[in-house]
Each structure stands twice: as C-alpha cells, then as structure tokens.
Amino acid sequence: MGDEGRGAPDGAGVVVHPLAPIVCPSSRVLILGTMPSPASREAGFYYGHPRNRFWPVMARVFGERVPQTNEERAELILTHGLALWDVLARCEIRGASDASIASPVPNDMRVVLDEAPIGAVFATGATAARLYRRLCEPATGLPVICLPSTSPANASWGLERLVEAYRAVRLAAEGAGPETAAGGRVADGEGARGDG
C-alpha cells in the first residue's frame with residue numbers, strides 16, 4: 001500500500017487537481033495518470049514536464065506530429081477517440097513523486113463516464129493503476145490496463161519500447177477489446193515518478 005494510508009511525508013503538500021478532463025461524446029478510451037506534476041500544473045495541461053515522453057509516444061502511436069500547444073494536445077486526444085484525466089482529485093505529495101502520495105482522494109469518474117461511452121481504461125504507470133483499482137474500479141466496474149510510465153524517471157523504457165506498449169491504446173480506440181489491445185496481458189507499469 002505504500003505511503004497512501006499514512007500522513008503527509010516530509011516536504012509534501014496538499015495538491016488539489018486543477019485540470020478539467022479532456023473528453024468528448026466520441027471518446028471511447030480513458031487514459032489516466034495519477035496527479036498533475038508541478039510542471040503540468042504550471043503549464044496548465046497534462047504531461048507538461050518537458051522531458052515526459054507522453055506526447056511524443058502518443059504522436060508516434062497515431063502517426064501524427066508531436067503536438068506543441070495545449071490546444072494541439074487536446075486535439076490529438078479527442079480526434080482519436082480518447083479521454084485524458086487523472087485518478088486523484090486531491091492528495092498529499094512531494095513534488096512529482098508518486099511514491100510519496102498520502103491521503104489520496106479520487107476524482108469522480110462519472111464526470112467522464114457520463115459524457116462518453118468509455119469501454120477501456122489505461123493507467124500511465126503502476127501507481128495510477130493501483131490507486132484506480134482501489135479507489136475507482138469498484139464504482140466504475142471497468143478494469144484498468146497498466147501501461148509503463150512515460151516519465152523520464154522510467155529510463156529503463158526507451159521511446160521505441162514505450163511506443164510499442166502504448167499501441168494498445170490505439171487498438172482499444174479502434175474497437176479491439178481491452179484484453180486484445182493489451183495483447184492478453186497487462187504491461188509492466190514501472191516508474192516511480194509521475195512527471196506528468
């Protein structure tokens with residue numbers, strides 16, 4: 001369970017999720033991170049850390065150019081039938097360290113599920129997947145597929161390997177069932193930081 005049930009770790013502060021979900025009525029696949037990093041909160045958008053590989057990975061998966069603006073990032077997500085949000089509405093966290101999360105409070109997934117016919121849920125790292133399973137899945141009834149973190153802290157996963165793992169998102173968006181999209185297995189979601 002990690003630090004999730006204990007008080008705030010040293011140097012941690014309470015963070016309230018500042019970003020609205022990116023979703024539209026044609027979204028079929030929900031991608032969830034844990035909580036926006038300080039860089040993402042400053043940028044006002046998901047995966048805003050300049051070294052996070054989420055946007056280059058998603059661009060490669062869908063054969064698009066890497067989006068440069070928040071508007072282009074939202075367009076990439078929505079054009080391909082995706083929705084993007086985070087598992088947590090509030091938590092105590094030190095910087096961008098998912099390992100330091102304490103007192104997690106989940107987002108209300110009905111906000112997305114009432115807007116779109118979501119058929120598959122992916123988490124961008126092991127902590128997001130674990131928190132979703134514990135805090136959200138009982139209410140949504142939708143299982144989560146854990147993808148590897150695109151954070152620079154997950155250096156053991158190179159860009160090509162990440163692109164290959166994230167192809168499951170495209171397959172699910174194109175109508176393959178979640179198990180088929182994930183190749184019948186859940187990807188290894190290693191990575192201790194959520195520099196999203």
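Here is a quick tour of a few spots worth finding in this structure. Keep in mind that the model is predicted. We'll look at one helix with two different sides, a cluster of aromatic rings, a loop that holds S149 and T150, and finally the cysteines.

**Helix α3 and its two sides**

- Start with helix α3, which covers residues 70-79; R73, A74, L76 and I77 are buried there.
- Look down the axis of α3 and you'll see its buried residues fall within an arc of 155 degrees, so they line one face of the helix.
- Now turn to the other side of α3, where E71, E75 and T79 are exposed.
- What lies over the buried residues of α3? The cover includes α2 (54-61) and β3 (82-86).
- Keep going just past the end of α3 and you reach G81, which has a positive phi of about 75 degrees.

**Aromatic rings**

- How many aromatic pairs does the structure hold? There are five.
- Take F45 and W55 as one of them: their ring centres are 6.0 Å apart and the planes make an angle of 35 degrees, which is a tilted pair.
- F45 belongs to the loop between α1 (38-43) and α2, while W55 is in helix α2, so this pair ties together parts that are ten residues apart in sequence.
- Are F45 and W55 buried or exposed? Both are buried.
- Y47 and F54 make a stacked pair, because their ring centres are 4.0 Å apart and their planes sit at 15 degrees.
- Y47 counts as buried because its relative accessibility is 7%, which is under the 20% cut-off.
- F54 also counts as buried, with a relative accessibility of 0%.
- Put the ring pairs together and you get a cluster that links F45, Y46, Y47, F54, W55 and Y166.
- There's also a charge to spot: the charged end of R161 sits over the ring of W157, 3.8 Å from the ring's centre.

**The loop between β7 and α7**

- S149 is in the loop that runs between β7 (144-147) and α7 (159-173).
- With a relative accessible area of 4%, S149 is buried.
- A polar atom of the S149 side chain lies 3.0 Å from the backbone nitrogen of S151.
- T150 is in the loop between β7 and α7 too, and at 1% relative accessibility T150 counts as buried.
- Which residues does T150 touch, leaving out those up to four places away in sequence? They are Y47, R51, N52, R53, F54, V57, L162 and Y166.
- Three of those names may ring a bell: Y47, F54 and Y166 also appear in the ring cluster.
- The side chain of T150 makes a polar contact of 2.7 Å with the side chain of N52.
- T150 and T124 are 26 residues apart in sequence, and their C-alpha atoms are 7.2 Å apart in space.

**Cysteines**

- A disulfide is a covalent bond between the sulfur atoms of two cysteines.
- How many disulfides turn up when the whole structure is searched? The search finds zero.
- C136 is buried, with a relative accessible area of 3%.
- C146 counts as buried as well, at 5% relative accessibility.

How values were computed:
Residues are numbered from 1 along each chain as its sequence is written. This is a predicted model: local features need pLDDT of at least 70, side-chain atom pairs count only at pLDDT 80 or more; totals for chains, interfaces and linings use all residues. Side-chain values use heavy atoms; hydrogens and water are left out. Helices (H or I, at least four residues) and strands (E, at least two) are DSSP runs, numbered from the N terminus. Buried means under 20% relative accessible area, exposed over 50%, partly exposed in between (1.4 Å probe, protein chains only). A polar contact is a pair of N or O atoms within 3.5 Å; within protein, one must be able to donate a hydrogen and the other to accept it, and residues adjacent in sequence count only if both atoms are side-chain atoms. The arc is that of the directions from the helix axis to the C-beta atoms. Contact means heavy atoms within 4.5 Å. Rings of Phe, Tyr and Trp (its six-membered ring) pair if their centres lie within 6.5 Å; planes under 30 degrees apart count as stacked, over 60 as edge-to-face and the rest as tilted. A charge sits over a ring if NZ of Lys or CZ of Arg is within 6 Å of the ring centre and within 35 degrees of the ring normal. A disulfide is a pair of cysteine sulfur atoms within 2.5 Å.
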